[in-house]
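Biologist: Got a minute to walk me through this one? I'd like to pull it up and go over it together.

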Amino acid sequence: MYHTLSGNTEKMAKAFAEGAKSVSGTEVVLKKAFDATLEDLLECDAIAFGSADYFSYIAGALKDFFDRTFYPSQGRAAGKHYAAFATGGRGGETALAVLDRLCGSFKLKKAVDSVSVAGAPTSQILVKCKDAGGRLAKAASK
Ligand SMILES: Cc1cc2nc3c(=O)[nH]c(=O)nc-3n(C[C@H](O)[C@H](O)[C@H](O)COP(=O)(O)O)c2cc1C
């Protein structure tokens with residue numbers, strides 16, 4: 001699940017999805033945050049969140065998802081594996097810290113190291129995203 005304005009986070013999301021799909025038996029649902037639902041969260045075995053840093057925070061679309069699903073999902077998402085990736089003009093560390101905090105509120109379990117980049121993802125970063133997607137899918141299948 002991700003949000004993007006100029007496409008940087010979307011490139012990372014697609015690489016994550018590609019990596020996850022490469023793990024046999026994995027079904028991947030790639031969604032923009034405004035389209036993601038409570039059911040998506042409850043039905044998945046693992047979830048990757050991708051955001052740009054906007055105003056030293058995550059994208060409003062992701063915040064909206066967390067806000068919408070927090071009470072209705074309470075207790076039911078706990079323990080699911082998650083991964084996070086971010087981009088920012090100066091790097092996505094601030095957005096990653098917010099994502100980790102919010103995932104902590106949902107009691108999600110971090111499965112792989114986060115991936116972040118300043119600006120557009122390089123091919124090296126996309127390889128990292130693909131790898132992290134694969135590792136997330138493997139963690140979810142255990
Ligand atoms: C409204 C807005 C606010 C932004 N605020 C920040 C910021 O606070 N810190 C930062 O490092 N980059 C900031 N950026 C830059 C974006 O994080 C960066 O361009 C990112 O790669 C965009 O990703 P996207 O193409 O997925 O939207 C901002 C961009 C926009 C459009």
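Biologist: What stands opposite Tyr 82 in β3?
Modeller: Lys 110 stands opposite Tyr 82 there. Strands here are DSSP E runs of at least two residues, helices are H or I runs of at least four, and both are numbered from the N terminus. The chain crosses from β2 through α4 to β3, and that β-α-β crossover is right-handed. Right-handed means that, with the strands pointing away from the viewer, the path from the first strand over the helix to the second runs clockwise.

Biologist: Before we go on, what kind of model is it?
Modeller: It's a predicted model, where local features need pLDDT of at least 70 and side-chain atom pairs count only at pLDDT 80 or more, while totals for chains, interfaces and linings use all residues. Residues are numbered from 1 along each chain as its sequence is written.

Biologist: OK, back to the sheet. How many bridges join β2 to β3?
Modeller: Two bridges, and the strands run parallel. Strands count as paired if DSSP finds at least two bridges between them. β2 also pairs with β4 in the parallel sense over four bridges, with Val 115 in β4 as the bridge partner of Phe 85.

Biologist: And β1, how does that run relative to β2, parallel or antiparallel?
Modeller: Parallel, with seven bridges joining β1 to β2. Ile 47 has Tyr 82 as its bridge partner in β2, and Phe 49 stands opposite Ala 84. The chain gets from β1 to β2 through helix α3 (residues 60-70), in another β-α-β crossover that is right-handed.

Biologist: Why call β2 largely enclosed?
Modeller: Because eight of its eight residues are buried. Buried means 20 or more other C-beta atoms within 10 Å of the residue's own, exposed means 12 or fewer, and partly exposed is in between, with C-beta atoms placed from the backbone. His 81, Ala 83, Phe 85 and Thr 87 point one way, and Tyr 82, Ala 84, Ala 86 and Gly 88 the other way.

Biologist: Which residues have the most contacts inside the largest nonpolar core?
Modeller: Phe 16, Tyr 82, Ala 83, Phe 85, Leu 99 and Leu 136, in a core of 43 residues. A core here is a set of buried Ala, Val, Leu, Ile, Met, Phe, Trp, Tyr and Cys residues joined through C-beta atoms within 7 Å.

Biologist: What does Ala 83 touch?
Modeller: Not counting residues up to four places away in sequence, Ala 83 touches Ala 48, Ala 111, Val 112, Ser 114, Ala 132 and Leu 136. Contact means C-beta atoms, placed from the backbone, within 7 Å.

Biologist: New topic: which residues are closest to the ligand?
Modeller: Asn 8, Thr 9, Ala 52, Gly 88 and Gly 89, out of 16 that surround the ligand. A residue is near the ligand if its C-beta atom, placed from the backbone, lies within 6 Å of it. α1 (8-21) and β2 (81-88) each supply at least two residues of that shell.

Biologist: Any odd backbone angles? What's phi at Phe 55?
Modeller: Phi of Phe 55 is near 55°, a positive value in a residue other than glycine. Most residues other than glycine have a negative phi. Phe 55 sits in the loop between β1 and α3, and counts as exposed because it has 8 other C-beta atoms within 10 Å.

Biologist: And Lys 107, where is that?
Modeller: Lys 107 is in the loop between α4 and β3 (109-110), and its phi is near 60°, also positive.

Conventions. Two residues are in contact if their C-beta atoms, placed from the backbone, lie within 7 Å.
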